[in-house]
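Me: I have a model open and would like to talk through how it is put together. Could you take my questions as they come?

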Amino acid sequence: MSGRVRIAALVAVLALLLPMGAVTAWAADRAAPTVKLSKSQAGTGGSITVVGSGWRSRALLMILICGQSVPSTGVTGGTNSCANADGRAVTTDADGRFSRKLPVAEPPVPCPCVVHVATVTGAKAEADAIFQVAGHAVEPLPAEPAGGRLSVLTDTRLEGSSGLLTWFGAPPARTLVFTVGNVGTSAVKNPVFQVGTSHGVFAPQWEEQQWRGTIRPGGKARIELPVELAAGAHGGYTVSLKYGGKVMAEQPWGVGRPWGVTLFWILAGLVVPAALFRVGMAVVDRVRPRQTARRRGFRLPEVALRIPGLRPREEARHALTSSSALPWFTPDNDPGTAGRLSAPHHDDSPTSRTDPANPTSSTSPAAPTRKGPP
């Protein structure tokens with residue numbers, strides 16, 4: 001029991017010693033980022049110093065001068081009402097503070113104007129400070145239309161998945177799903193939303209999409225809007241939703257790299273050179289001169305006969321003699337062999353020669369005698 005009393009007393013002492021005002025100020029400072037200006041008014045060509053605190057550490061911020069805006073309503077016209085060409089980027093330090101000089105430029109719409117500071121990446125945070133551009137036109141803010149007003153009731157999400165065609169470079173597509181409620185006094189019929197997609201630090205590309213239906217006062221509706229990127233898109237994207245000139249929600253979207261396209265180019269780099277090589281070899285084989293029959297019939301025995309001191313075998317000599325004969329020269333019509341194949345002539349026979357002393361007589365071979373009884 002005494003231990004519990006000691007703990008309670010220690011907590012009470014710490015609460016008394018800690019200044020509650022400092023804790024409250026620190027919490028408020030960390031919860032809401034703030035922006036302060038060195039001047040509340042300046043002319044075109046001058047510059048001001050923008051100081052901020054309470055931001056995330058190491059956060060990338062964009063500083064712009066925007067027209068037709070006040071801190072209570074924010075930048076109603078989006079970045080289209082800001083001097084985007086003269087904006088500046090800054091990165092906060094470890095304590096979430098920054099200081100940056102900003103050139104004064106006239107926004108594309110009349111004042112009242114603000115210096116608008118917003119995060120570029122990560123969790124969305126923004127802050128505005130009143131600023132007057134000297135010499136720039138000033139007009140009252142447009143009155144808000146009476147009647148129905150839509151407000152996002154749930155967090156937005158992207159539904160859907162990538163298919164095989166997306167892996168080969170087809171446009172990635174998703175469906176932006178959210179729930180809105182009508183907080184006005186009249187019904188909203190067929191509201192027109194603006195869906196924007198941005199990559200990195202680039203501004204969103206807006207596209208108008210109309211939802212068919214009626215949202216009565218106090219009612220709510222589930223909205224589904226298609227979102228599609230360009231073919232081959234990959235990396236970190238942000239899908240933004242705008243209605244009535246005001247950004248209502250943002251949803252990050254990480255798109256994978258289309259590795260199928262890379263695989264296709266690798267295969268093309270291997271197949272195309274191989275096909276060209278085959279075609280080239282076919283052309284070379286067709287254009288190359290053919291060898292003559294004489295060169296195709298060249299044999300080793302013929303070489304042996306031409307080399308001095310080298311005597312081929314009888315089989316090789318016979319094969320060479322047989323192969324060297326002309327194809328139309330057959331033994332039947334060879335003049336050298338015709339006489340030897342026909343019957344022997346009596347003039348060529350040594351047994352039928354004429355006696356020079358008696359031309360009329362001729363010797364003939366004696367008939368063979370047969371031994372034995374007649």
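Me: How many bridges pair β4 with strand β9, and is the sense parallel or antiparallel?

Reply: Bearing in mind that this is a predicted model, β4 and strand β9, which covers residues 113-119, pair over seven bridges in the antiparallel sense. To give one register point, I65 has V115 as its bridge partner in β9.

Me: And which bridges does β4 make with β7?

Reply: β4 pairs with β7 over four bridges, in the antiparallel sense, and the bridge partner of L60 in β7 is T91.

Me: What sheet do these strands sit in, and in which order?

Reply: The sheet is open and is formed by five strands in the order β2-β10-β9-β4-β7, with mixed pairing. Its edge strands are β2, residues 41-43, and β7, each of which pairs on one side only. Neighbouring strands of this sheet are turned against each other by 35° on average, if direction is ignored.

Me: Where does a parallel pair come in?

Reply: β2 and strand β10, residues 126-134, run parallel and are joined by three bridges; within that pair, G43 has A134 as its bridge partner in β10.

Me: Back to β4, how many of its residues are buried?

Reply: Six of the eight residues of β4 are buried, so the strand is mostly covered.

Me: Switching to cysteines: how many disulfides are there, and what is the pairing pattern?

Reply: There are two disulfides in the structure, and if the bonded cysteines of the protein chain are numbered in sequence order, they pair as 1-2, 3-4.

Me: What does the disulfide between C66 and C82 tie together?

Reply: C66 belongs to strand β4 (residues 60-67), whereas C82 is in the loop between β6 (74-75) and β7 (88-91), so this disulfide ties together parts that are 16 residues apart in sequence. The S to S distance from C66 to C82 is 1.9 Å, and the torsion about that S-S bond is about 95°, which makes the disulfide right-handed.

Me: Are C66 and C82 buried or exposed?

Reply: C66 counts as buried, with a relative accessibility of 0%, and C82 counts as buried too, at 4%.

Me: What about the disulfide between C111 and C113, which hand does that have?

Reply: That disulfide is left-handed, because the torsion about the S-S bond of C111 and C113 is about -90°. The S to S distance from C111 to C113 is 1.9 Å, and both of these cysteines are buried.

Me: Now W55, where is it placed, and is it buried or exposed?

Reply: W55 is in the loop between β3 (47-53) and β4, and with a relative accessible area of 2% it is buried. The side chain of W55 reaches the backbone oxygen of T34 at 3.4 Å. W55 and T119 are 64 residues apart in sequence, while their C-alpha atoms are 9.0 Å apart in space.

Me: Which residues touch the most other members in the largest nonpolar core?

Reply: That core has 21 residues, and the ones that touch the most other members are I48, V50, I63, F98, V115, V117 and F131. The elements giving two or more residues to this core are β3, β4, β8 (98-103), β9 and β10, and β10 gives the most, with four residues. As a general background point, nonpolar side chains tend to be buried together in soluble globular proteins.

Me: What is V50 in contact with, leaving aside neighbours within four places in sequence?

Reply: With those neighbours left aside, V50 is in contact with V35, K36, L37, I63, F98, S99, R100, L102, V115 and V117. Apart from the largest core lies another, of 20 residues, which includes F178, I215, I223 and V227.

Me: Last topic, strand β13: how many of its residues are buried?

Reply: Eight of the 10 residues of strand β13, which covers residues 173-182, are buried, and the strand is thus described as mostly covered.

Me: Which bridges join β13 to β11, β12 and β18?

Reply: Strand β11 (residues 150-152) runs antiparallel to β13 and is joined to it by three bridges, with N182 in β13 as the bridge partner of L150. Strand β12 (residues 157-159) is also antiparallel to β13, again with three bridges, and L158 has L176 as its partner in β13. β13 and strand β18 (residues 220-228) pair over nine bridges in the antiparallel sense, and the bridge partner of V180 in β18 is A221.

Definitions and conventions
Residues are numbered from 1 along each chain as its sequence is written. This is a predicted model: local features need pLDDT of at least 70, side-chain atom pairs count only at pLDDT 80 or more; totals for chains, interfaces and linings use all residues. Side-chain values use heavy atoms; hydrogens and water are left out. A disulfide is a pair of cysteine sulfur atoms within 2.5 Å. Buried means under 20% relative accessible area, exposed over 50%, partly exposed in between (1.4 Å probe, protein chains only). A polar contact is a pair of N or O atoms within 3.5 Å; within protein, one must be able to donate a hydrogen and the other to accept it, and residues adjacent in sequence count only if both atoms are side-chain atoms. Two strands pair if DSSP finds at least two bridges between them. Axes are lines fitted to C-alpha atoms, for helices over the stretch in contact, and angles run from 0 to 180 degrees between N-to-C directions. A nonpolar core is a set of buried Ala, Val, Leu, Ile, Met, Phe, Trp, Tyr and Cys residues joined through side-chain atoms within 4.5 Å. Contact means heavy atoms within 4.5 Å.
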